[in-house]
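Colleague: I am new to this structure. Please show me how to read its main features.

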Amino acid sequence: MAAIPDTNLDRFEDTRTPLRRAFDSIPPSLLTLIALLVFWETMVQWRNIPEYILPAPSAIVEVMISYWHRLWPNALVTLGEIVFGFFCAVCIGVPLAVAIVYSHFMQRAIYPLIVMSQTIPKVAIAPLLLTWFGYGVTPKIVIVVLLSFFPIVINSVMGLKATTPEMLHLAKSMGANGWQTFWKFRLPKALPSIFAGLKLATVLSVIGAIVAEFIGADKGLGYLILIAGANFDIARQFASIILISIMGMVFFAVLSRVERIVVPWRQGSDLAGEG
Amino acid sequence: MTATPGLAATLPDTGPTVTETATPPRPAHISMSGVTKVFNGRKGKVEALRSVDLDIRRGEFVSVLGPSGCGKSTLLMLLSGLLSRTEGNISVGGKDITKPNSDLGIVFQQDVLLDWRSALDNILIQAELRKSPMEEAKAKARNLLRMVSLQDFEDAYPHELSGGMRQRVSICRALLHEPDLMLMDEPFGALDAMTRDQLQIDLLRLCSERDMTVFFITHSISEAIFLSDRVVVMTPRPGRIERIIDIDLPRPRRLAMREDPKFTGYVHELTDIFKNLGVFREEY
Ligand SMILES: Nc1ncnc2c1ncn2[C@@H]1O[C@H](COP(=O)(O)OP(=O)(O)OP(=O)(O)O)[C@@H](O)[C@H]1O
Ligand SMILES: [Mg+2]
């Protein structure tokens, strides 16, 4: 087999047709998704699967539109729980991580407990929280905080500990005080790791809100899923699931965006893998 | 002045008299005596330095030469106050070193650039931490980048720079605040031969302009001779000073001097010391 001339790699003039170019600009994952939906639609139509077993994507979209007046207000309730819970988790988690890294006592008295408590299935204590906090939004927010708090703390601690002795030597040799060492060395060094924790936490906060609503609620998307299930209304269940998924994805995307702005130096290395 | 010799001869010999040297010896900038460092490693105690005595005059360029692991970096860390000594005395500029000294510039063995700062900002952190005026610092930093031929890379992040470029940025950072003492731990080790030659010249020029005292660690015999007023030869296990050799070559130094018989004489002398110490073994 003849070697491929490496000049091919250098020649990047665009010889594609406009249609082809438009097609190439679509992310491959989106194409896969569209293919799956088309497959789903045709299977349902072709095999005549009844709607109470598996509705076609088109039927789900129809339900989403007709049911929107109920979906949207409930979605806002869930979104509120997610965002507020996540915000609380960040406000508790990051300062706690700082305390753990800076205080020998916290490091040895608190951190091991936090790590160990990771093994407790937080969802299992949800009914307990219901007993304590009632049916309102409070127990939902508490569960969101409990779930999303751990990755934030653990990743922040890891990030803040990533400062090398060499960096601290450098800081000292330039006369940096403790405050400067934190703001100009430790924290920026920790940011990529903190953001990894935050992104994990977005996923967990969505799970937390839905599970909390399953256990006892009178509003929210989790509640809608539950009553739709009780009425064997699969299409409405799907409509709620799709909406909560979209909310989760948007939340994650927003955070990734913020990460790009706050941690710009990582862009180069992140993009390295993408052709 | 004709009376002076006669006067000196008639004076009773009390205390130090006028010596024959043309320039009076400058005061010691760094003075170390009996410096010992013992690390408590995982496999017991490691004696990294034993009883090191060394005085460095103000404005003097002293190189430390020795095989890997002989305690060169440890000595530098003790001088900067970043490590505490086990025994002995160290004073810099007349002050006893008991805590990290920030009145100097250090080029560490690793470049220690901050990933999140561009090349220029990595240099400017020196000014930020010292709360110096930023506009002035920026102009100085750009000048330094030009000196190390990195003027086109001021916006580059460290991961976009080669190892040699990164080390050059870290040298600029150490020079920004114009310290009168530079500690350099194999600063040119990662550089290609040509950049290395150029930076040696640049460093010597800076030294003469700013009257810097330089404590310079290197593995290279010819680099040590080319740059230094004195070369300190160290031996390992335990790390101690084996010999101190005065380099009597005129300044300003020129690259061509490396072919000078006097220069090659020093190279032979130092090579022989290391051969006798068993650092070099020629038979194979
Ligand atoms: N933190 C430490 N704990 C224990 N031992 C150490 C520590 N730092 C250095 N040492 C030991 O001290 C000795 C001297 O180390 P040092 O780093 O000063 O060597 P060096 O002369 O700079 O070597 P190189 O040329 O390879 O940089 C070595 O034997 C090393 O193992
Ligand atoms: Mg070393």
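Modeller: We will go through numbering, the overall build of one chain, a metal site and some backbone details.

Modeller: This is a predicted model, in which local features need pLDDT of at least 70, side-chain atom pairs count only at pLDDT 80 or more, and totals for chains, interfaces and linings use all residues. Residues are numbered from 1 along each chain as its sequence is written, chains are lettered from A and ligands numbered from 1 in the order in which they are written, and side-chain values use heavy atoms, without hydrogens and water.

Colleague: How many helices and strands are there in chain A?

Modeller: Helices (H or I, at least four residues) and strands (E, at least two) are DSSP runs, numbered from the N terminus. Chain A has 14 helices and zero strands. Its radius of gyration is 24 Å, well over the 19 Å that the globule rule gives for 275 residues, so chain A is more spread out than a compact globule. That radius is taken over C-alpha atoms, and the rule is 2.2 Å times the number of residues to the power 0.38.

Colleague: What box do the C-alpha atoms of chain A fill?

Modeller: Roughly 75 × 70 × 35 Å, along the principal axes.

Colleague: What share of the residues of chain A counts as buried?

Modeller: Buried means under 20% relative accessible area, exposed over 50%, and partly exposed in between (1.4 Å probe, protein chains only). In chain A, 38% of the 275 residues are buried. Take Pro165(A) as a case. Pro165(A) sits in helix α10 (residues 165-173). It is exposed, at 52% relative accessible area.

Colleague: How should I read contacts along chain A?

Modeller: A contact means heavy atoms within 4.5 Å. Take the contacts in chain A between residues at least 6 apart in sequence: 73% of them join residues at least 24 apart.

Colleague: Which protein atoms are the donors of the magnesium ion (ligand 2)?

Modeller: Donors are N, O and S atoms within 2.8 Å of the metal (3.2 Å for Na, K and Ca). Water is not among the atoms, so sites may look incomplete. Here the protein donors are Ser73(B) (OG) and Gln109(B) (OE1), 1.9 to 2.3 Å from the ion. Ser73(B) lies in helix α2 (residues 72-80) of chain B and Gln109(B) in the loop between β6 (105-107) and α3 (119-130), so the pair ties together parts 36 residues apart in sequence.

Colleague: Are these two residues buried, exposed or partly exposed, and what are the values?

Modeller: Ser73(B) is partly exposed at 25%. Gln109(B) is partly exposed too, at 38%.

Colleague: What should I look for in the backbone?

Modeller: Most residues other than glycine have a negative phi, and most peptide bonds are trans. Start with the bonds. A cis peptide bond joins Arg237(B) and Pro238(B), with omega about -15 degrees. Pro238(B) is in the loop between β9 (230-235) and β10 (240-246). The bond from Arg251(B) to Pro252(B) is also cis, with omega near 0 degrees. Pro252(B) is in the loop between β10 and α8 (261-276).

Colleague: Where does Lys131(B) lie, and what is its phi?

Modeller: Lys131(B) lies in the loop between α3 and α4 (134-147) of chain B. Its phi is near 55 degrees, a positive value. Lys131(B) is exposed, at 64%.

Colleague: What about Asp211(B)?

Modeller: Asp211(B) has a positive phi as well, near 60 degrees. Its loop runs between α6 (193-210) and β8 (213-218) of chain B. Asp211(B) is partly exposed, at 36%.
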